[in-house]
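Reader: I am in my first year and still learning to read a structure slowly. Could you take one part with me, and then show me how the rest is arranged around it?

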Amino acid sequence: MKLELENFYKILAPRPAVLISTLDARGRTNAAPFSFVMPVSRTPPLIALALAPQRHTLANIRETREFVVNIASEEILEELWICGKSFPKGVSEIKESGLTERKPKIVKAPGIEQCIGWFECALEFEKETGDHVIVVGRVLNAEVKDEFFREGEFDLLKAKPLMHLGGENFAIPERIARPQK
Ligand SMILES: Cc1cc2nc3c(=O)[nH]c(=O)nc-3n(C[C@H](O)[C@H](O)[C@H](O)COP(=O)(O)O)c2cc1C
């Protein structure tokens with residue numbers, strides 16, 4: 001069947017769901033879920049996000065030029081969903097959802113304790129693209145909970161990252177497939 005062109009991305013799924021935490025110029029915390037997110041360079045380490053222009057997250061990144069990417073797991077699905085609701089600018093979705101701030105190592109914005117891993121990022125550049133703005137960040141510090149990273153590999157089945165299918169639907173990875181060669 002033919003897809004409506006504006007829905008093309010729906011079969012480019014599931015995509016990892018992350019919470020982006022930021023501070024505004026007044027030092028107030030914000031956190032929101034995003035899934036238009038991808039690594040775009042290893043050296044230097046760069047990550048790209050696509051944000052709708054009205055997002056407080058985008059305003060905060062413009063104000064403070066930094067953000068934290070928090071990798072979400074099944075354990076925090078309900079809290080992530082609350083963070084996706086519309087709150088007035090300046091209200092901390094981390095507090096509203098019952099999540100906990102995690103002290104950052106390099107940037108000023110806090111991470112979120114209950115996540116699988118964290119990338120502290122500095123804004124590299126932004127580019128308006130269609131109905132979103134692509135934000136490219138340089139990863140200054142990357143950390144993962146010890147229990148989810150063994151012998152240099154991500155323990156996907158243990159970490160249970162939330163994968164966004166669209167709307168209220170998420171997938172949780174349950175099996176790893178390998179080519180027979
Ligand atoms: C799982 C999930 C993924 C989302 N992905 C994106 C995205 O990639 N880009 C975007 O602009 N909004 C996305 N949204 C919508 C924002 O999270 C939502 O509008 C939120 O209220 C924005 O908060 P903010 O204004 O504090 O930044 C997503 C929502 C959910 C629940």
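Which residue takes a positive phi in the hairpin of strand 9 and strand 10, and how many residues are between the strands?

Author: Please keep in mind throughout that this is a predicted model. In the hairpin you ask about, two residues lie between strand 9 and strand 10, and Gly130 is the residue with a positive phi, near 60 degrees. The two strands cover residues 117–129 in the case of strand 9 and residues 132–144 in the case of strand 10. They run antiparallel and are joined by twelve bridges, and as an example of one such pair you can find Glu120, whose bridge partner in strand 10 is Asn141.

From this hairpin we can move outwards into the sheet. Strands of a sheet pair through backbone hydrogen bonds, either parallel or antiparallel. Here seven strands form an open sheet with antiparallel pairing, and their order is 3-2-6-9-10-5-4. Strand 3 and strand 4, the latter made of residues 37–41, stand at the edges with a single partner strand each, and therefore one side of each has no neighbour in the sheet. On average, neighbouring strands of this sheet are turned by 35 degrees against each other, if direction is ignored.

On the other flank of strand 10 in that order comes strand 5, and these two strands pair in the antiparallel sense over six bridges. Two pairs can be picked out along this border: Leu46 has Arg138 in strand 10 as its bridge partner, while Ile47 stands opposite Gly137 in strand 10.

Helix 1 packs on the sheet, where it touches strand 2, strand 3, strand 5, strand 6, strand 9 and strand 10, and its direction makes about 45 degrees with that of strand 2. Both strands of your hairpin, strand 9 and strand 10, are thus among the strands touched by the helix. The buried residues of helix 1 are His56, Thr57, Leu58, Asn60 and Ile61, and strand 9 and strand 10 are among the elements against which these buried residues pack. Just after helix 1, Arg65 takes a positive phi of about 60 degrees.

Strand 9 also takes part in the largest nonpolar core, to which it supplies at least two residues. This core has 34 residues, and those with the most contacts inside it are Val18, Leu19, Ile20, Val68, Val69 and Ala72. Val69 is a good place to pause, for, leaving aside its neighbours within four places in sequence, Val69 is in contact with Val18, Ile20, Ile47, Phe119 and Cys121.

Two of the buried residues of helix 1, His56 and Thr57, lead us on to the ligand, since both are listed among the closest of the 16 residues that surround it, together with Ala32, Phe36 and Gly84. Strand 3, strand 5 and helix 1 are the elements that give two or more residues to this shell, and strand 3 gives the most, with four residues. By character, the shell around the ligand divides into eight nonpolar residues, seven polar ones and one charged.

Finally, there is another hairpin to set beside yours, formed by strand 13 and strand 14, in which two residues again lie between the strands and Gly167 takes a positive phi near 55 degrees. These strands run antiparallel and are joined by three bridges, with His164 standing opposite Phe170 in strand 14.

Technical notes. Residues are numbered from 1 along each chain as its sequence is written. This is a predicted model: local features need pLDDT of at least 70, side-chain atom pairs count only at pLDDT 80 or more; totals for chains, interfaces and linings use all residues. A nonpolar core is a set of buried Ala, Val, Leu, Ile, Met, Phe, Trp, Tyr and Cys residues joined through C-beta atoms within 7 Å. A residue is buried if 20 or more other C-beta atoms lie within 10 Å of its own, exposed if 12 or fewer, and partly exposed in between; C-beta atoms are placed from the backbone. Two residues are in contact if their C-beta atoms, placed from the backbone, lie within 7 Å. Two strands pair if DSSP finds at least two bridges between them. Axes are lines fitted to C-alpha atoms, for helices over the stretch in contact, and angles run from 0 to 180 degrees between N-to-C directions. A residue is near a molecule or strand if its C-beta atom, placed from the backbone, lies within 6 Å of it. Ala, Val, Leu, Ile, Met, Phe, Trp, Tyr, Cys and Pro count as nonpolar, Asp, Glu, Lys and Arg as charged, and the others, Gly among them, as polar.
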